[in-house]
There are 2 protein chains.
Amino acid sequence: MSNGEDEITAWFARQSRLSKADFPIGIGDDMAEIRLTCDVSVLITTDMLLDSVHFDLEKATLRQVGYKAMAVSLSDCAAMATVPVAAVVSVALPVGFGEKELKELHSGIVSAGDKFNCELIGGDITRWNNDNPFAICVSMLSRSSGDKPLRRSGAKVGDSICITGSLGGSIQKKHLEFEPRVKEAVKIAQMVTINSMIDISDGLSSDLNRICQASQVGAVIDAVKIPISDEASKEADPLSSALNDGEDFELLFTLSQTDCRELFKKWCGLIPVTQIGQITDAKKMQIKMPDGQISDLQPGGYNHLR
Amino acid sequence: MSNGEDEITAWFARQSRLSKADFPIGIGDDMAEIRLTCDVSVLITTDMLLDSVHFDLEKATLRQVGYKAMAVSLSDCAAMATVPVAAVVSVALPVGFGEKELKELHSGIVSAGDKFNCELIGGDITRWNNDNPFAICVSMLSRSSGDKPLRRSGAKVGDSICITGSLGGSIQKKHLEFEPRVKEAVKIAQMVTINSMIDISDGLSSDLNRICQASQVGAVIDAVKIPISDEASKEADPLSSALNDGEDFELLFTLSQTDCRELFKKWCGLIPVTQIGQITDAKKMQIKMPDGQISDLQPGGYNHLR
């Protein structure tokens with residue numbers, strides 16, 4: 001979902017009269033939470049991926065597409081430090097897609113699910129009448145790994161802002177084969193207290209803005225601290241690429257400075273964790289540029305509605 | 001899902017190594033069941049609806065489309081006599097769709113959900129780059145209304161075959177505004193023991209075939225007993241229309257003859273329930289025609305893959 005859609009999503013959220021008891025987390029976070037009994041709840045996310053928008057079937061295989069569709073939802077599970085349980089997958093098939101294509105897609109879906117013990121448990125196969133493109137929708141269930149799922153809305157002034165991995169240039173290759181940070185999210189949440197978390201799907205600037213909006217805080221990030229991917233380094237403006245490209249599917253989270261030091265002491269994951277800035281009370285995002293100047297930072301990810 | 005897809009679905013089901021303990025119902029029924037703790041489980045279904053396949057945006061309003069998309073999944077909940085809980089909705093928007101269109105769609109989604117206390121709790125808004133049609137995917141969670149969700153696979157030789165409502169001609173109007181039989185399903189399941197149930201989405205002949213296949217039984221239905229809708233009555237071949245049209249979204253279920261008599265004694269719902277035949281050990285479907293002759297009956301619903 002992109003920024004323009006954030007506004008209509010906020011409108012949808014305002015229309016809903018969800019009971020906090022039955023639905024502790026509703027519209028507007030990475031997943032919604034449904035309380036089934038006083039001590040059992042389940043979370044759900046849904047993601048639609050379209051040919052020529054989220055992948056290009058002239059370049060990507062159906063196995064890659066199946067993998068990516070699952071990985072995007074797995075990344076939503078990671079964004080809340082929850083544990084994936086099961087997924088259902090609906091597809092809209094172009095004319096000419098048959099058993100062979102469905103089996104190739106299935107192999108990609110299962111290869112992603114298997115990495116995280118997330119079972120494919122159902123689906124729906126539909127078919128366009130005319131020459132329209134392939135679409136796939138994954139809906140995934142997860143369960144909390146701890147007391148409560150991590151949310152976007154808990155960032156506190158003074159928090160350190162951290163990310164996993166490196167950013168930018170995902171379109172070159174990573175967007176088709178990224179590793180959802182499910183294990184890292186659960187591990188981090190078990191080591192220290194995380195105040196807010198999201199996965200970077202539309203770019204650091206857009207997703208940090210979502211944390212700021214949901215938490216009613218500001219942020220300042222330090223340009224020289226942002227880990228820029230090898231792919232983004234080759235771009236004309238690597239920093240802009242790291243800030244805005246989208247589809248990094250890394251974790252972005254905030255925690256107290258004490259917890260941040262604790263995390264860096266303990267962290268032994270293969271994926272690096274980097275502190276890139278701090279939560280402020282400025283009600284806007286800022287960036288400290290390499291020359292020391294501080295500028296305002298706008299969410300610069302995709303914005304389909306504008 | 002149609003008959004050709006039943007075969008590939010069966011293949012997918014064979015690939016899966018779902019644990020019966022964690023997933024009592026997997027691929028191949030109206031919903032899958034996920035056991036979260038020893039006594040708490042949740043069910044999920046997903047349905048993709050496409051412009052010019054499942055509705056025609058030149059004739060239907062977006063409110064009707066939102067309603068239908070939810071109603072199809074609500075009908076899946078009914079098919080297992082489960083109680084809808086919540087839904088997530090993903091959409092692929094054509095170029096030019098904005099806030100107005102999304103709000104109209106939303107009103108239809110919510111109007112269907114509200115009827116059955118099924119909350120809209122999340123979604124994903126995506127947008128085609130080019131001039132491609134609207135698609136909507138609903139994934140819905142439900143919970144069991146009794147001991148266990150009703151399945152397709154429990155039909156027994158000698159069972160009476162019953163349906164709710166009347167069949168055929170749904171394309172005229174009903175497919176956009178049908179009432180999912182959620183309340184009827186729960187009521188029926190509470191009154192008597194139902195051995196198998198499904199909703200009629202692809203036509204009586206196709207969906208009865210699914211019960212027969214899953215239960216490894218045969219069936220004989222009595223043509224003169226099939227309640228034919230007013231719309232189907234105006235068709236060239238009303239019986240064929242009632243057998244094969246699809247999108248009736250009525251309930252089809254089987255129960256012992258004793259329970260069937262009991263049900264008819266007790267039933268006071270507004271929607272009629274009619275006995276139309278019997279489960280046999282013939283391993284095929286048959287139909288007793290109005291002239292008394294018995295013919296083989298083939299699943300005649302849509303078959304996209306062939």
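Here's a walk through how chain A and chain B sit together in this predicted model.

Let's start with how the two chains relate. Turn chain B by 180°, with a shift of 0.0 Å along the axis, and you can lay it on chain A with an RMSD of 0.0 Å. That is how a two-fold axis relates two copies. The meeting surface fits this picture: 100% of the interface residues of chain B are interface residues in chain A too, so the copies meet through the same surface.

Now for the interface itself. On chain B, 65 residues are in contact with 65 residues of chain A. Together the chains bury about 5,600 Å² between them, and carbon and sulfur atoms give 71% of that area.

What about charged and polar links? There are 2 salt bridges between chain B and chain A. In a salt bridge between B:Arg17 and A:Asp114, the side chains come to 3.3 Å, N to O. You'll also find 13 residue pairs in polar contact across the two chains, counting pairs with both residues at pLDDT 80 or more.

So which parts of chain B do the touching? Two or more residues each come from helix H1 (3-15), strand E1 (32-37), strand E2 (40-50), strand E3 (82-93), helix H3 (99-115), strand E4 (119-127) and strand E5 (135-144) of chain B. The largest share, 9 residues, belongs to E4(B). Sort the side of chain B that touches chain A by class, and you get 35 nonpolar, 18 polar and 12 charged residues.

Note on methods: Residues numbered from 1 in each chain as written. Chains lettered and ligands numbered in written order. Predicted model: local features only at pLDDT ≥ 70, side-chain atom pairs only at ≥ 80, totals over all residues. Heavy atoms only, no water. Contact = heavy atoms within 4.5 Å. Buried area = accessible area lost by both parts, 1.4 Å probe. Salt bridge = Lys/Arg side-chain N within 4 Å of Asp/Glu carboxyl O. Polar contact = N/O pair within 3.5 Å; in protein donor to acceptor, adjacent residues only side chain to side chain. Helix = DSSP H or I, 4+ residues; strand = E, 2+ residues; numbered from the N terminus. Nonpolar A, V, L, I, M, F, W, Y, C, P; charged D, E, K, R; others polar. Least-squares fit on C-alpha atoms with pLDDT ≥ 70 in both.
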